[in-house]
There are 2 protein chains.
Amino acid sequence: MTRLFNDPAEFADEVLEGFVAAHQRWVRRVPGGVVRNTAKTPGQVAVLVGGGSGHYPAFTGLVGQGLAHGAVSGNIFASPSAQQACSVAKAAESGGGVLLLFGNYAGDVLHFGHAAEILNQQGIPTRTFAVTDDVSSAEVDEITKRRGVAGDLTVFKVAAAAAEAGLSLDEVHRVAEHANDRTRSLGVAFSGCTLPGAEAPLFTVPEGKMAVGMGIHGEPGIDEADVPSADGLAELFVRTLLAELPPGITEARGQRAGVILNGLGTVKHEELFVVYRRVAQLLAEAGVEVVDPEVGEFVTSFDLAGASLTLFWLDEELERYWSAPADAPAFRKGSLTPAPPAAEDLADDTVEQSVPEASEQSRAAAATVLAALEATRKVVDGNAEELGRIDAVAGDGDHGIGMQRGAVAAVDAAREAQRLGAGAGTLLALAGDAWADRAGGTSGALWGLLLRAVANTLGDNDEPTGATVSEGVAAGLESVLRVGGAQPGDKTMVDVLAPFAEALATGIGESRGLAEAWGRAAETADVAATATADLVPKIGRARPLAEKSVGTPDAGAVSLALIVGAVHGVLAERKGV
Amino acid sequence: MTRLFNDPAEFADEVLEGFVAAHQRWVRRVPGGVVRNTAKTPGQVAVLVGGGSGHYPAFTGLVGQGLAHGAVSGNIFASPSAQQACSVAKAAESGGGVLLLFGNYAGDVLHFGHAAEILNQQGIPTRTFAVTDDVSSAEVDEITKRRGVAGDLTVFKVAAAAAEAGLSLDEVHRVAEHANDRTRSLGVAFSGCTLPGAEAPLFTVPEGKMAVGMGIHGEPGIDEADVPSADGLAELFVRTLLAELPPGITEARGQRAGVILNGLGTVKHEELFVVYRRVAQLLAEAGVEVVDPEVGEFVTSFDLAGASLTLFWLDEELERYWSAPADAPAFRKGSLTPAPPAAEDLADDTVEQSVPEASEQSRAAAATVLAALEATRKVVDGNAEELGRIDAVAGDGDHGIGMQRGAVAAVDAAREAQRLGAGAGTLLALAGDAWADRAGGTSGALWGLLLRAVANTLGDNDEPTGATVSEGVAAGLESVLRVGGAQPGDKTMVDVLAPFAEALATGIGESRGLAEAWGRAAETADVAATATADLVPKIGRARPLAEKSVGTPDAGAVSLALIVGAVHGVLAERKGV
């Protein structure tokens with residue numbers, strides 16, 4: 001269990017602070033994560049890695065010469081926000097563009113994808129790639145749905161070495177994809193992990209059993225078996241991975257492979273070596289030549305007791321990059337000429353923020369938007385506990401807290417924007433970014449998208465009309481559908497957002513005023529939220545507990561309905577925007 | 001707990017095999033441990049480190065350029081034998097002499113000390129040094145009694161860097177001593193460790209408590225306290241270590257120090273970083289400049305949950321060596337030019353053994369010695385379980401098993417010696433070496449010394465007489481007293497060996513035959529063994545349980561009495577040697 005912490009809410013931040021204090025030769029802290037503390041190579045592609053905390057050395061421990069240029073570091077087991085990724089990317093990039101690498105998890109895909117959009121808009125060519133090495137997380141015909149586990153390392157290492165070699169962004173992206181195509185992992189877990197301050201493990205495995213294929217956040221595995229001998233585990237690992245050779249390799253014999261035997265938390269080095277002894281024997285028997293094996297901790301899951309094996313099928317190009325020197329806090333290989341330290345004057349973010357010019361009418365409308373955000377915060381505050389309770393039925397119970405964090409940050413940002421004289425569009429855009437940044441998780445990202453979509457139609461010049469707002473909500477729905485991946489009926493916020501957007505558009509089409517149309521749409525939203533109790537979840541965290549969650553509405557749907565109701569109060573009082 | 005193993009008896013060997021398989025660029029296996037797999041520098045002092053297994057990366061993970069030249073690796077938590085140390089030393093040395101470094105534990109002091117004697121006799125200049133950094137294990141006025149914990153690393157690192165810099169054996173020894181003088185550590189444990197195959201932890205700490213100063217094999221600490229916050233632990237560590245500045249340093253402010261925050265097993269990197277954050281703050285507040293901090297696992301104790309802090313007070317010389325580059329499997333620093341791989345033809349130990357010429361009479365006496373060893377093995381076998389039971393009262397219950405391992409190995413070696421035509425002296429010397437090598441632990445080493453002492457007086461030429469044997473036993477007693485550190489009355493085998501030696505000398509002095517004198521002395525031994533039940537242990541593992549052990553005789557005393565009784569049977573039948 002995790003014993004050493006102060007305030008659990010500060011844990012991830014304090015980890016980062018201590019990590020940086022101990023590794024100043026390698027890294028420096030920037031908002032959102034860390035970047036190398038060595039001089040940049042102008043024109044080099046910046047390879048950034050990232051994800052939630054609790055997986056050390058992933059991700060911050062993998063920043064340094066020959067490996068990542070920076071790491072974006074989220075809260076414990078929670079993906080970082082797009083804003084964090086943008087911040088780290090701007091600190092790390094040196095004119096060659098940015099490649100964002102992460103494991104294939106919904107939250108990470110969402111936030112890093114959003115970050116790439118923003119960075120590209122801002123003139124920094126950016127691409128993303130999600131690692132999918134875990135063979136247990138989907139069948140081979142759905143390979144793109146697989147999760148990323150310790151194979152993160154092979155993809156990160158090889159892409160970064162390609163960047164160091166001077167390849168272009170497109171080429172580095174191609175190398176990452178190629179490495180991922182040739183990386184396969186399988187993991188097992190013997191016990192769950194306990195997060196700082198938690199009373200009980202996040203998940204459990206029966207004593208004497210192991211969960212075959214359990215994910216690094218406790219995602220369900222494919223089998224439960226008795227804990228085998230060390231040799232037995234080696235045999236399971238090697239047999240499973242040799243049974244799925246990557247495309248283009250017809251037999252293992254004669255191949256060369258990188259090997260990672262990864263401890264997931266509390267399995268000790270001694271145990272890993274005993275397992276590796278047999279892994280090496282089995283690979284030799286199969287005619288596979290092992291190149292630069294790694295035995296230790298690379299992608300962990302706090303104090304989870306478990307281990308994974310990764311095979312990385314090399315060709316000439318991949319082997320060159322796999323064997324290239326690297327010097328990161330937690331991963332070092334070969335010998336390289338140390339780069340000089342970074343200049344001290346790394347641009348910081350203390351420049352006074354400014355907002356675009358805005359019309360009188362738009363500034364007036366901004367006051368209404370701020371009032372709506374304040375009403376939102378109030379209704380979220382009043383219902384946070386209930387939202388948490390609903391979410392706990394099939395999720396991790398943090399929906400209420402996340403919404404609170406988001407709403408508070410949005411109101412703060414909106415007030416600051418108002419102080420600077422922002423129009424309605426900019427005010428709402430900044431509020432949405434702050435929401436996504438602070439709320440974390442998938443719902444935080446989706447709320448950020450939704451608010452930004454409405455903000456885009458509001459703009460900073462015209463006086464917003466009912467039609468403008470209705471268009472914005474429709475655009476928000478489209479973003480949420482596209483990025484979130486949910487369809488109506490999947491038991492998500494979409495089940496409220498879609499009928500609400502339609503009802504609002506209908507009302508405006510019937511020439512009703514915004515306040516009236518919004519009020520009718522809010523009633524529709526209310527009914528739709530209640531109706532989600534009858535649905536079965538099809539995506540996201542709730543899916544594994546699908547049966548259990550029937551009878552309880554979706555927390556995201558309920559919070560959306562509550563918020564549109566609260567906003568109606570503001571619009572009714574002010575008779576529109 | 002330790003879950004991944006095969007046959008627990010093979011665990012330490014299989015760890016070593018897997019470790020070497022994963023790190024062929026750095027190390028190669030030799031009998032007794034590992035040596036660097038890179039080319040030697042002729043004339044360089046070879047710095048060897050060692051101790052029991054279960055402390056990875058200590059000791060094998062610390063072998064490589066800029067760090068140790070080799071590691072001697074014992075069984076789990078058991079010191080390696082002098083024979084192992086000699087084997088590794090011979091493989092590692094390159095003409096500059098050998099420095100053997102280890103933590104200050106009785107078994108290690110004994111075996112490495114013995115190895116140094118042998119190596120020096122064989123013309124390889126060898127010195128030893130025991131690390132004593134653990135401030136909790138003895139008061140400052142008994143500083144040489146302190147145990148070695150994570151401060152092993154500072155001493156190993158600095159001595160090895162001095163060797164790489166070309167210093168002489170005396171100088172490297174001086175640097176090691178100087179580093180040890182300026183190294184201080186304090187550790188805490190939250191839970192015990194479970195060895196492979198064991199049903200229960202080796203020791204326990206009450207839930208929610210921590211043992212302050214508990215040793216890395218569960219040695220008792222100085223205090224039990226509630227588990228503090230991460231900041232609270234940092235404060236305890238720093239406050240305690242700043243309260244004991246090394247000689248010559250009057251105030252901390254303005255000093256430069258190396259820092260090691262060491263995880264002892266299952267405390268995770270994330271937790272260590274949170275603690276380190278506060279350690280760094282506190283040291284900065286105290287005006288201490290931190291140089292090259294290390295946060296991770298350096299000296300562990302299997303899956304013990306615990307951590308330790310080490311401060312290493314630098315001067316110009318120590319800082320130069322502390323910051324010098326190193327490249328070992330588990331410790332890397334800076335950038336160095338890789339040495340070429342070692343030549344393939346490392347001398348191996350497969351040369352047929354030969355024995356010195358022996359007289360007819362001595363060869364005849366050798367048959368009696370062999371018979372005595374066979375009788376010893378038989379009586380040990382028959383009483384192993386009971387010896388274990390007695391030992392478990394105040395020790396770890398392995399006395400019976402250790403004696404069995406030793407006696408079996410001694411008989412095997414003696415038979416082989418007889419086959420080669422050895423005289424009585426050589427046969428018993430080889431048997432004694434084999435005993436010490438296989439039995440392990442302190443009692444194994446003492447039995448090896450005892451048999452070697454008798455062997456030395458027997459020689460390979462003269463026909464042994466009662467006086468020869470009596471002199472040998474007296475010399476053996478002297479060795480055991482000198483090396484083992486026990487006095488009569490301390491409740492050890494000495495309480496039997498001393499009266500036995502005296503009674504034997506008296507009997508021979510009275511012109512009795514060996515068989516008769518031995519028989520009377522054996523009766524004395526029997527009485528003395530029983531009488532140890534009334535004694536209170538003063539040294540060794542039994543000391544902390546002193547009260548509990550009163551009423552039970554000492555296991556080492558009982559086994560010695562049983563053996564002299566069994567040997568009497570052989571002498572009586574053969575009427576002397």
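This is a guided tour of a predicted two-chain model, stop by stop.

**Before you start**

Residues count from 1 along each chain as its sequence is written, and chains are lettered from A and ligands numbered from 1 in the order in which they are written. Because the model is predicted, local features need pLDDT of at least 70 and side-chain atom pairs count only at pLDDT 80 or more, while totals for chains, interfaces and linings use all residues; side-chain values use heavy atoms, without hydrogens or water.

**Stop 1: both chains**

Show chain A and chain B together. A turn of 179° with a shift of 0.0 Å along the axis lays chain B on chain A, with an RMSD of 0.3 Å. That is the relation of a two-fold axis. The superposition is by least squares on the C-alpha atoms of residues with pLDDT of at least 70 in both copies. Now select T266(B). Its C-alpha lies 2.6 Å from the rotation axis, the closest approach of any residue of chain B.

**Stop 2: the interface between the chains**

Select the residues in contact (heavy atoms within 4.5 Å). You should get 55 residues of chain B against 55 of chain A. The copies meet through the same surface, because 100% of the interface residues of chain B are also interface residues in chain A.

Together the chains bury about 4600 Å², with 60% on carbon and sulfur atoms. Buried area here is the accessible area (1.4 Å probe) that two parts lose on being put together, summed over both. Pick out R3(B), L4(B) and E270(B): in chain B they lose the most area to chain A, together 18% of what that side buries.

Next, look at the charged pairs. A salt bridge is a side-chain nitrogen of Lys or Arg within 4 Å of a carboxyl oxygen of Asp or Glu. There are 6 between chain B and chain A. One to display joins E14(A) and R277(B), at 3.6 Å from N to O.

Then colour chain B by element. Helices (H or I, at least four residues) and strands (E, at least two) are DSSP runs, numbered from the N terminus. Elements giving two or more residues to this side include α1 (11-22), β7 (183-191) and α7 (269-285) of chain B. α7(B) gives the most, with 10 residues. The chain B side divides into 26 nonpolar, 15 polar and 14 charged residues. Ala, Val, Leu, Ile, Met, Phe, Trp, Tyr, Cys and Pro count as nonpolar, Asp, Glu, Lys and Arg as charged, and the others, Gly among them, as polar.

**Stop 3: two domains in chain A**

Hide chain B. Colour domain 1 (8-327) and domain 2 (360-574) of chain A; the bounds come from an automatic or database domain assignment. Their C-alpha centres lie 34 Å apart. Where they touch, 10 residues of domain 1 contact 12 of domain 2. The buried area is about 920 Å², and carbon and sulfur atoms give 62% of it. Select Q83(A), L110(A) and H114(A): they supply 51% of the area that domain 1 buries here, more than any other three residues. The salt bridge count between these domains is 0. On the domain 1 side, α2 (82-92) and α3 (106-121) of chain A each give two or more residues. α3(A) gives the most, with 5.

**Stop 4: backbone details**

Zoom to Y56(A) and P57(A). A cis peptide bond joins them, with omega about 10°. P57(A) sits in the loop between β3 (46-53) and β4 (70-76) of chain A. In chain B, the bond from Y56(B) to P57(B) is cis too, with omega near 10°.

Finish at F77(A). Its phi is near 55°, a positive value in a residue other than glycine. F77(A) lies in the loop between β4 and α2 of chain A.
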